[in-house]
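Open the model in your viewer and keep the sequence panel visible. The tour goes stop by stop, with something to select at each one.

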Amino acid sequence: MNPILFDRTKAKDFAAIGRLCIDLNANEFNRPMEETRSFTKYVGGSPANIAIGMSRLGQKTGFIGKVANDQMGRYIQGYLEENQIDTSSIVVDQTGAMTGLAFTEIKSPTDCIILMYRDNVADLLLQTSEVNEEYIKQFKVLLISGTALAKSPSREAVFIALEYARKHNVIVIFDIDYRPYTWASPEETAIYYNLAAEKCDVIIGTREEFDRMECFEQNLERDDRITAQKWFGYHAKIVVIKHGKEGSIAYTRDASYKGKAYPSKVLKTFGAGDSYAAGFIYGLLQGWEIDRCMSFGGAAASIVISRHSCSEAMPTVQEITDYIDQCEKGIIV
């Protein structure tokens, strides 16, 4: 059973807040970064990728964030607009901050490393005054990303966005999105992740990300059910815990659901979580049962990890539906 009830009177579907950056994906495969000579530029950052995924799935999508006042910032904003994403709540930084960069190394389909440059980045300078309450109240869903909690003033901007969302009956989804580069300590990470998660209706993360959140707790067995049950004491209706190639488990207060895995001709591992989230959230918005949402997200992830990019690779509803049909017929193995 899908326990999420959306306010269907709202005109727009999905907004995300947080990281906007550039992905530079290696063009040479099966070699280390030291030997890689060329890269292809894409828009990146988990919330940006998820927003692009949602727009490709036909949802009315917007973004709240900040970009650098440079060529890369203009590229990001232009690409979002090309993908029919409302950028009216994206602010241009005026302090000289830079656009974050993520270089990706593709040593093998299972050995991929992301090298991030996150010093003095514009997206972490989003101010509380730049988060518009009237904008947020238009959407059925607000997605927050854990990376945006790593530094002030972005941290406070996310918390004010959470307050506006709760005030106006906007469903809040927390993509934990742990990246170590800008956090001061494990304790700081756990504190702010927990404070944010308490206000969210859906929490999505890997087992390792939930472990980060539990650094003050006694879940030594890393028991998924114990992890999920904690959040049902707050606002959470669904907790999704991902286990990589072993699949994912979604918990509600009274049940659990195992995600279906689909075969893929894997090129790289990154992008799977973002495409899964887009597919899963799309299913929730359609009112599907949770196991169907998970299957749709799993198929979206299988498509993206077979392609070179993350954002550009985000599939349409028809592509995902066709992929599932082909898998069920044994055409894709």
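Two strands count as paired if DSSP finds at least two bridges between them. Strands of a sheet pair through backbone hydrogen bonds, either parallel or antiparallel. Keep in mind throughout that this is a predicted model.

**Stop 1: a pair of strands**

Select residues 238-242, which are strand β11, and residues 248-251, which are strand β12. Four bridges link these two strands, and the pairing is antiparallel. For one bridge, pick I241: its partner in β12 is I249.

**Stop 2: the nine-stranded sheet**

Now widen the selection to the whole sheet. It is open and has nine strands, in the order β5-β4-β1-β8-β9-β10-β11-β12-β13, with mixed pairing. Which strands are at the edges? They are β5 (85-92) and β13 (256-258), each of which pairs on one side only. On average, and ignoring direction, neighbouring strands of this sheet are turned by 15 degrees against each other.

Next, add residues 272-286, helix α8, which packs on the sheet. Helix α8 touches β1 (12-17), β8 (139-145), β9 (171-175), β10 (202-206), β11 and β12. The direction of α8 makes about 155 degrees with that of β11.

**Stop 3: strand β4**

Select residues 61-67, strand β4. In a regular strand the side chains alternate between the two faces of the sheet. Here T61, F63, G65 and V67 point one way, while G62, I64 and K66 point the other way. Are these residues buried or exposed? All are buried: seven of the seven residues in β4.

Look at the neighbours of this strand as well. β1 and β4 run parallel and are joined by four bridges; F14 has T61 as its bridge partner in β4. β4 also pairs with β5 in the parallel sense, over six bridges. There, the partner of K66 in β5 is V91.

**Stop 4: a buried lysine**

Select K140, which is in strand β8. Its relative accessibility is 8%, so K140 counts as buried. What does the side chain of K140 reach? It reaches the backbone oxygen of K10, at 3.1 Å. Leaving aside neighbours within four places in sequence, the residues in contact with K140 include F6, D7, R8, D13, I171 and L285.

**Stop 5: three places in the loops**

Begin with S152 and P153. A cis peptide bond joins them, with omega about 10 degrees. P153 lies in the loop between β8 and α4 (154-167).

Then go to Q84, in the loop between α2 (71-82) and β5. The phi of Q84 is near 60 degrees, a positive value in a residue other than glycine. Q84 has a relative accessible area of 61% and is exposed.

The third place is D177, in the loop between β9 and α5 (186-197). D177 is not a glycine, yet has a positive phi of about 45 degrees. Is D177 buried or exposed? D177 is buried, with a relative accessible area of 4%.

**Stop 6: the four-stranded sheet**

Move to an open sheet of four strands, in the order β3-β2-β6-β7, with mixed pairing. The edge strands are β3 (39-44) and β7 (111-117), each pairing on one side only. Neighbouring strands of this sheet are turned by 25 degrees against each other on average, direction ignored.

Inside the sheet, select residues 21-26 for β2 and 100-108 for β6. These two strands run parallel and are joined by five bridges. To see one, pick D23, whose bridge partner in β6 is A102. Then show α2 again: this helix lies across β2 and β3, and runs at about 65 degrees to β3.

**Stop 7: two helices**

Finish with residues 290-304, helix α9, and residues 317-328, helix α10. They pack at an angle of about 95 degrees, with their axes 9 Å apart. Angles of 65 to 115 degrees count as roughly perpendicular, so α9 is roughly perpendicular to α10.

Show the side chains where the two meet. On α9 these are S295, F296, A299, A300, S302 and I303. On α10 they are V317, E319, I320, T321, Y323 and I324. Sorted by class, the contact has eight nonpolar, three polar and one charged residues.

Definitions and conventions. Residues are numbered from 1 along each chain as its sequence is written. This is a predicted model: local features need pLDDT of at least 70, side-chain atom pairs count only at pLDDT 80 or more; totals for chains, interfaces and linings use all residues. Side-chain values use heavy atoms; hydrogens and water are left out. Axes are lines fitted to C-alpha atoms, for helices over the stretch in contact, and angles run from 0 to 180 degrees between N-to-C directions. Contact means heavy atoms within 4.5 Å. Angles under 35 degrees count as roughly parallel, over 145 as roughly antiparallel, 65 to 115 as roughly perpendicular and the rest as oblique. Ala, Val, Leu, Ile, Met, Phe, Trp, Tyr, Cys and Pro count as nonpolar, Asp, Glu, Lys and Arg as charged, and the others, Gly among them, as polar. Buried means under 20% relative accessible area, exposed over 50%, partly exposed in between (1.4 Å probe, protein chains only). A polar contact is a pair of N or O atoms within 3.5 Å; within protein, one must be able to donate a hydrogen and the other to accept it, and residues adjacent in sequence count only if both atoms are side-chain atoms.
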